[in-house]
Amino acid sequence: MHQYLAVTSNGLENLLADELAKLGIENPKPVQAGVKFKASLEQVYRCCLWSRLASRFVRVLSEFRCQDDMDLYLSVNAINWPNHFHGSKKIVVDFNGTNREIRNSQYGAMKVKDAIVDSFEKKNLPRPSISKDQPDLRIHVRLHRDNAILGIDMVGSGLHQRGYRTESGRAPLRETLASAIVQRSGWEHDKPLLDPMCGSGTLLIEAAMLAANMAPGVMRKYWSFEALEDFDAEMWAEIKSEASVQARRGIKKVSARFYGFDNDTRVLKTARDNARRAGVESLITFEKGDAALVKRPADFENGTIICNPPYGERLGTHPGLIALYTAFGAQMKAEFGGCNASIFSSSDDLLSCLRMRADKQYKLNNGALPCHQKNYSITERVGEASSDGAADNSKNASSIAPDFANRLKKNIGKIGKWAKKEQLDCYRIYDADLPEYNVAIDIYLDHLVIQEYAAPKNIPPEKAKRRLTDIIRAAIDVTGTDANKVILKTREKQKGRSQYEKLSQQSDTMNVNEYGVKLIVNLHDYLDTGLFLDHKITRRKIGELSQGKKFLNLFAYTGSATVHAAVGGAQSTTTVDMSKTYLEWAKENMALNGQVGRQHQYIQADCLQWLDNASEQYDLIFIDPPTFSNSKRMEQTFDVQRDHIQLMKNLKRLLAQQGTIVFSNNKRHFKMDMDAMAELGLKAQNISHQTLPLDFGRNKHIHNCWIVSHA
């Protein structure tokens, strides 16, 4: 008998030990990411063929102290390698781990290879060659601190490669992990099983093979142990033949039915092909369907729903996933009362959206990603299925952040009516009205932009995350917005132009109306959308003041104020901004409104430097500088409180005798230096209150705005 190590994923050690015990192994001992045991050739052949949970089996040849490369070389060289395999075989070394002296796994693998080759050459035997692509044998080394395990991999390619799956869905589960999920789901093998988001069908195929008592390795063409000197071909042929007969008989004995649904027809074709190659296609029905609308099959008595729904890492997927889990949970309760469910996900917050209490839960990894598997008994029927099959969750709306939901409804009733009257496609419906729900929510036509303000440091991250999940769920429910049209962003304190930095590359724009002017917004690619909503009344005022005027827009951003001026009848416009991207956006905004021609100029420049040298006169100037800027393209920092008088000094030089400056900034508690303004020969009138729109009524200091003219 030899010592073996069965390798598996973290969290599956005890489950694998139980499996090996059922396969006849005595006293299997769980260790980190594996199980140690002793076995005869026949026993290890059966383990390799029948284990659903192990990723590989390693014959352990030595365990030794390894402080440096000399320890490693000598310990490996001490093994009588020709006793294990012939020098004509091709090998590769899989070296895992490092320590203080062996800091590179490739270096460790090289020393192991040298020691093996030298052991053959010392005996004047042919030396094995190295092949990374098609080795006959894999030498396994696991190094942890100063302890090393050396052995021969009995399997070759990982045992998760059953042979039935040639291509997968977007986020496939390894077959070994899928089998573990099935075994921990609580599903009884004679009961029906349903996967409403089946993807390439791995969970259902593994379950069907389990129900049919099919050996998971029965389709494999090659095993590394066939290259060993002690390989018993006759014994192996008998074990394989026995498994093949069992597979054919087992299929006929299965009484359970398996159902798979997915909304992607391409992936469903892959699932059917996988099931056919696995030999279980007669047991599984695959159909196109939406998990949020899935109906209970007629013969689904005491069945189990098993599922690995998406749990994307990208922030932009969060609203859609929250809606998916919420709708899926409601549909399960409406359609599958009396059944069980087992859901596997990396996000405990998303699992909470199912609104069900777990009977059991397990922690395990999907690769390096920590995940949860939760098992539920579906006993409550909260809400009935609606006419289109979707679960009616309206009765539950008040249970999802009820204070927030009620405030949002109230705001929409008031602000929505005002926005319609004002011809506004985009407006704010919530602005951190309740301290515990610290977000801003804006409507852009049929889209919702939720901006999460960074939570205070005294709020635990998990609590803040759970609140955000509730906010998104309630906002989708109250507004009726399609979850795919909900955009989530995180807003922290910004300096200079950092709010303009790019977040993604979707380049998905839409046109909106504001007081009869058309403007382009981009809801995805930047923290801001190309339109500062709090300035809508300021822009309207600029349009009213612009008839026949020469207009200058400084720090112009996407030129929305320029568009209002041009549409309002400005004689000419000059738009100045440091960003080429935003100047091009400004041109597109103008063209959208039919405002093209030589009378409209666009200048890419640092506005402060441009002001120092400009000499042309303007009748109307709009300037909305940053509160603070230290851009790399600026020669010096700018602080609006400190530098506004110098700014006004330059602006006065460009202002026509009867001209007007509309000066705005968003520094809280900004104080205009009225004495210094008087010395410059300028007068200023604070019109901040007049330019504050209804949807920003809660935030009196969102911006301040002044009308400046010659005294």
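This is a dialogue about reading a predicted model of one protein chain.

Colleague: Before looking at single residues, how many helices and strands does the chain have?

Modeller: The model is predicted, and in it the chain has 18 helices and 30 strands. The radius of gyration is 34 Å, well over the 27 Å that the globule rule gives for 711 residues, so the chain is more spread out than a compact globule. Along the principal axes, the C-alpha atoms fill a box of roughly 105 × 65 × 45 Å.

Colleague: What share of the 711 residues is buried, and what share of the contacts between residues at least 6 apart joins residues at least 24 apart in sequence?

Modeller: Buried residues, meaning those under 20% relative accessible area, make up 56% of the 711 residues. Of the contacts between residues at least 6 apart in sequence, 73% join residues at least 24 apart. As for the surface, the chain exposes about 32,400 Å², and carbon and sulfur atoms supply 46% of that area.

Colleague: How should I read the charged side chains, and how many of them are positive and how many negative?

Modeller: The general idea is that side chains of opposite charge can pair when their charged atoms come close. In this chain there are 96 positive and 84 negative side chains, with the centres of the two sets lying 2 Å apart, and a search of the whole structure finds 28 salt bridges.

Colleague: Which parts of the chain does the salt bridge between Arg46 and Glu242 tie together?

Modeller: The side chains of Arg46 and Glu242 meet with N and O 3.0 Å apart. Arg46 lies in helix H2 (residues 41-50) and Glu242 in helix H7 (residues 233-253), so the pair ties together parts that are 196 residues apart in sequence. Glu242 itself counts as partly exposed, because its relative accessibility is 42%.

Colleague: What does a salt bridge within one helix look like, taking Lys587 and Glu584?

Modeller: The general idea is that an α-helix has 3.6 residues a turn, so residues three or four places apart point the same way. Lys587 and Glu584 are 3 residues apart in helix H15 (residues 580-592), which separates them by about one helical turn, and their side chains meet in a salt bridge of 3.5 Å, N to O. Lys587 is partly exposed at 35% relative accessibility, and Glu584 is likewise partly exposed, with a relative accessible area of 35%. Elsewhere, salt bridges that share partners join Glu42, Arg46 and Glu242 into one network.

Colleague: Is helix H14 mostly covered or mostly open, and what follows it?

Modeller: Helix H14 (residues 560-567) is mostly covered, since 7 of its 8 residues are buried. Among the buried residues are Ser560, Val563 and His564. After H14 comes Gly569, whose phi is positive, near 105 degrees.

Colleague: Could we finish with one residue in a strand, and which residues does Ala341 touch?

Modeller: Ala341 lies in strand E13 (residues 340-345) and is buried, with a relative accessible area of 1%. Leaving aside residues up to four places away in sequence, Ala341 touches Ile305, Met332, Lys374, Asn375, Tyr376 and Ile378. As an example of distance across the model, the C-alpha atoms of Ala341 and Ala115 are separated by 53 Å, and these two residues are 226 residues apart along the chain.

Note on methods: Residues numbered from 1 in each chain as written. Predicted model: local features only at pLDDT ≥ 70, side-chain atom pairs only at ≥ 80, totals over all residues. Heavy atoms only, no water. Helix = DSSP H or I, 4+ residues; strand = E, 2+ residues; numbered from the N terminus. Rg over C-alpha atoms; globule rule 2.2 N^0.38 Å. Buried < 20%, exposed > 50% of the residue type's maximum accessible area, 1.4 Å probe, protein only. Contact = heavy atoms within 4.5 Å. Areas by Shrake-Rupley, 256 points an atom, 1.4 Å probe, with all protein chains shown as cover. Lys, Arg positive; Asp, Glu negative; His and termini not counted. Charge placed at Lys NZ, Arg CZ, Asp CG, Glu CD. Salt bridge = Lys/Arg side-chain N within 4 Å of Asp/Glu carboxyl O.
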